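Here's a quick tour of one model, written for someone who has it open on screen. We'll start at a pocket and work outwards from there.

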Amino acid sequence: MAVQYQTQDCSFRFSGRRKTTDWIRRTAKAEGHRTGDITVVFCSDTALLEINRRYLSHDYYTDIITFDYTDTEKKIISGDLMISIDTVRANAQTFGVPFENELARVIIHGVLHLLGYGDKTPEEEANMHALEDKYLAIREAHDEGE
């Protein structure tokens, strides 16, 4: 089973593949799951808007859309994480954080969706944010330990 990285309608080059793949696997394991096939697709706002319209009937920009193919019985997470590099860049500027940090937050957000966490209610959203912070801190500590 593999974590793959692709681009669609953008020229983004992602240099953190190995570390991110390891982080995704460690996160899944910490939550009692294994990783199956996960594809992280970096794309433009335009491409993600079209996906949002076509598959979700939503007519707005977003930073990530997660297509979940997880086998809940076997606890194997699989899916496609469609990430708008344009929106991640804009959000990083808005929130005053480095682009790489915002991108990591968006990636782990998608992984948490694959693990079964939602963000539709205020309670779910608060829990999702706390879990993002937890796994971002674990990632940072692991990176510092290398």
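The second largest pocket holds about 390 Å³ of space; keep in mind throughout that this is a predicted model. Sixteen, or rather 16, residues line that pocket, and the closest to its centre are L56, T62, I64, I65 and K120. Which elements give two or more residues to its lining? Those are α2 (45-56), β3 and α4. Strand β3 gives the most, with four residues. By class, the lining of this second largest pocket splits into six nonpolar, seven polar and three charged residues.

Now for the largest pocket, which has a volume of about 470 Å³. It is lined by 18 residues, and E102, R105, V106, H129 and E132 are the closest to its centre. Here the elements giving two or more residues to the lining are α3, α4 and α5. Helix α5 supplies the largest share, seven residues. The class make-up is six nonpolar, four polar and eight charged residues.

Here are the two pockets next to each other.

| Pocket | Volume | Lining residues by class |
|---|---|---|
| Largest pocket | about 470 Å³ | six nonpolar, four polar, eight charged |
| Second largest pocket | about 390 Å³ | six nonpolar, seven polar, three charged |

Helix α4 turns up in the lining of the largest pocket and again in that of the second largest pocket, which makes a good excuse to look at the helix itself. Does its length add up, and what should the 16 residues of α4 span? At 1.5 Å a residue, helix α4 (residues 99-114) should span 22 Å, and its end C-alpha atoms sit 23 Å apart, which agrees.

Is α4 largely enclosed or largely open? Twelve of its 16 residues are buried, so the rest of the structure largely encloses this helix. The buried set is F99, E102, L103, A104, V106, I107, I108, H109, G110, V111, L112 and L114. Two of these names, E102 and V106, also belong to the residues closest to the centre of the largest pocket. And what do the buried residues of α4 pack against? The partners are α1 (17-30), β2 (34-43), β3 (64-68), β4 (76-84), α3 (85-95) and α5 (122-145). Just after the helix, G116 takes a positive phi of about 100°.

Next, the aromatics. A search of the whole structure turns up seven aromatic pairs. One of them is Y5 with F42, a stacked pair at 6.5 Å centre to centre and 10° between the planes. This pair links distant parts of the chain, since Y5 is in strand β1 (residues 3-8) and F42 is in strand β2, 37 residues apart. Both rings belong to buried residues.

F42 has another partner: with F14 it makes a tilted pair, 5.0 Å centre to centre and 45° between the planes. F14 lies in the loop between β1 and α1 while F42 is in strand β2, so this pair ties together parts that are 28 residues apart in sequence. How exposed or buried are the two? F14 is buried at a relative accessible area of 14%, and F42 also counts as buried, at 1% relative accessibility. Step back a little and ring pairs link Y5, F12, F14, F42 and F99 into a cluster. F99 is also one of the buried residues of α4.

Strand β2 has another residue to point out, T39. At 14% relative accessibility T39 counts as buried, because the cut-off is under 20%. Leaving aside residues up to four places away in sequence, T39 touches Q4, Q6, G79, D80 and L81.

Last stop, the backbone oddities. D9 has a phi near 60°, a positive value in a residue other than glycine. Where does D9 lie? It is in the loop between β1 and α1, and it is exposed, with a relative accessible area of 53%. S57 is not a glycine either, yet its phi is positive, at about 55°. S57 lies in the loop between α2 and β3, and with a relative accessible area of 66% it is exposed.

Conventions. Residues are numbered from 1 along each chain as its sequence is written. This is a predicted model: local features need pLDDT of at least 70, side-chain atom pairs count only at pLDDT 80 or more; totals for chains, interfaces and linings use all residues. Side-chain values use heavy atoms; hydrogens and water are left out. The expected span of a helix is 1.5 Å times one less than its number of residues. Buried means under 20% relative accessible area, exposed over 50%, partly exposed in between (1.4 Å probe, protein chains only). Contact means heavy atoms within 4.5 Å. On a 1 Å grid over the protein atoms alone, a cavity is a set of points where a 1.4 Å probe fits but cannot get out, and a pocket is an open set with protein on both sides within 12 Å along at least five of seven lines; lining residues have an atom within 4 Å of a point. Grid points are joined across faces, edges and corners, and a volume is the space filled by probe spheres set on the points. Ala, Val, Leu, Ile, Met, Phe, Trp, Tyr, Cys and Pro count as nonpolar, Asp, Glu, Lys and Arg as charged, and the others, Gly among them, as polar. Rings of Phe, Tyr and Trp (its six-membered ring) pair if their centres lie within 6.5 Å; planes under 30 degrees apart count as stacked, over 60 as edge-to-face and the rest as tilted.
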